[in-house]
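Biologist: Could you take me through one part of this model up close, and then tell me how it sits in the rest of the chain? I'd like to hear which bits I can lean on and which I should leave alone.

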Amino acid sequence: MKKLFIFSVLSCMVLTASAQFTNTGAGSNSSKKSSVATQTDIPDSYRSFYLQYNGQKSGETLTGVAIGFNSAKKIAEGTPLYFEFGLAAQYSSKDELKMASLRLPLDLTYRIYIPDSKFYVSPLVGVDLKGHLWGEYDEYNIFDEDDMGDYAYKRFQVGWHAGCRFGLGGCYLGFQYGTDFMDLVDGADKVKTTSITLGFDL
C-alpha cells in the first residue's frame, strides 16, 4: 500500500512537470510576453507557517498536534522544484500517554502553478528526523528503562512521508502519509502517521 502511495505521488510530480513544460513551450511560441510572465511568477524561495493534525498508529492510535515552519529554495532554474526544510514542535497523547517531540522534515516538492490564477498544487516526498523530548505514562517516564523495562520508548526516530498540498493565494491545505524506519518501542509495530496540514505562506 505504501509503495503504491509513493509511486502515485512521484508519478504525479513527473506528469505535472511534463505537462507544465509542454504548456510553457506552447505559450512561448504563441506569446513571448506570456512566457516571460510565467517565469517571473516562479519564486526562487518561499517560507510558510503551519498547523498540523497527526494520527499516529502503532498498535494503538495517538492523536498529535504540531506547529511549525518551512523554508524552501529552488534547485532547478526555470522549474518550480524545491528543496524544503523546516522545524515543528509536536504534542501527542492518548489517555494516560503523553509525549512532546521536535521534528525536522526534509522534502523535495514541486509547485505546479495554475496559469491566470492564485491556485497551485504541490506534491512532495521526504524524510522526517524526530527527537522525543519528554514523555510519560501515568507519571512514569516512558524513556526510562527503570520505569518501563523492555517497553521503554526510543528518543530518536527517522521516517519517510509523501503527500500533496493545495494552495490558494497565501494559504494551503496539505495531506500526507508516512511511516518510521525504526521502532518506537522494541518489538512494536512501526509508527504510521497520517497528517492534515493548514499552512500560510509568509
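Modeller: Quick bit of vocabulary before we zoom in: pLDDT is the predictor's confidence in each residue, on a scale from 0 to 100. You'll want that here, since this is a predicted model. Over residues 1-12 pLDDT stays under 50, and the model has 13 contacts beyond four places in sequence for them. Residues 14-37 also stay under 50, with 10 such contacts. Where pLDDT is low, the predicted coordinates should not be read in detail, so let's leave those two stretches alone. For the chain overall, the mean pLDDT is 85, and 80% of the residues reach 70 or more.

Now the close look, at Arg-103. You'll find Arg-103 in strand 4, which covers residues 97-110. Is Arg-103 buried or exposed? Its relative accessibility is 8%, so Arg-103 counts as buried, the cut-off being under 20%. Its side chain makes a polar contact of 2.6 Å with the side chain of Gln-52. Beyond its neighbours within four places in sequence, Arg-103 also touches Tyr-50, Asn-54 and Ala-66, among others. The same list includes Gly-86, Leu-87, Ala-88 and Gln-90, and further along the sequence Asp-128, Leu-129 and Lys-130.

For contrast, try Asp-186, in the loop between strand 9 (171-180) and strand 10 (192-201). At 52% relative accessibility, Asp-186 counts as exposed, because the cut-off there is over 50%. The side chain of Asp-186 still has a partner: a polar contact of 3.1 Å joins it to the side chain of Lys-154. Asp-150 is 36 residues away from Asp-186 in sequence, yet their C-alpha atoms are 7.3 Å apart.

Then there's the largest nonpolar core, with 11 residues. Leu-97 and Met-99 are in it, as are Leu-184 and Val-185, and its members also include Leu-62, Ile-142, Phe-143 and Met-148. Leaving out neighbours within four places in sequence, Met-148 is in contact with Tyr-140, Asn-141 and Ile-142.

Stepping back, the chain has 3 helices and 10 strands, in the order α-α-β-β-β-β-β-β-β-α-β-β-β. Of its 202 residues, 38% are buried. Among contacts with a separation of 6 or more, 58% link residues 24 or more positions apart. The accessible surface comes to about 11,400 Å², and 63% of that belongs to carbon and sulfur atoms.

Methods: Residues are numbered from 1 along each chain as its sequence is written. Side-chain values use heavy atoms; hydrogens and water are left out. Helices (H or I, at least four residues) and strands (E, at least two) are DSSP runs, numbered from the N terminus. Buried means under 20% relative accessible area, exposed over 50%, partly exposed in between (1.4 Å probe, protein chains only). A polar contact is a pair of N or O atoms within 3.5 Å; within protein, one must be able to donate a hydrogen and the other to accept it, and residues adjacent in sequence count only if both atoms are side-chain atoms. Contact means heavy atoms within 4.5 Å. A nonpolar core is a set of buried Ala, Val, Leu, Ile, Met, Phe, Trp, Tyr and Cys residues joined through side-chain atoms within 4.5 Å. Accessible areas come from the Shrake-Rupley method with a 1.4 Å probe; for residues, only the protein chains shown count as cover.
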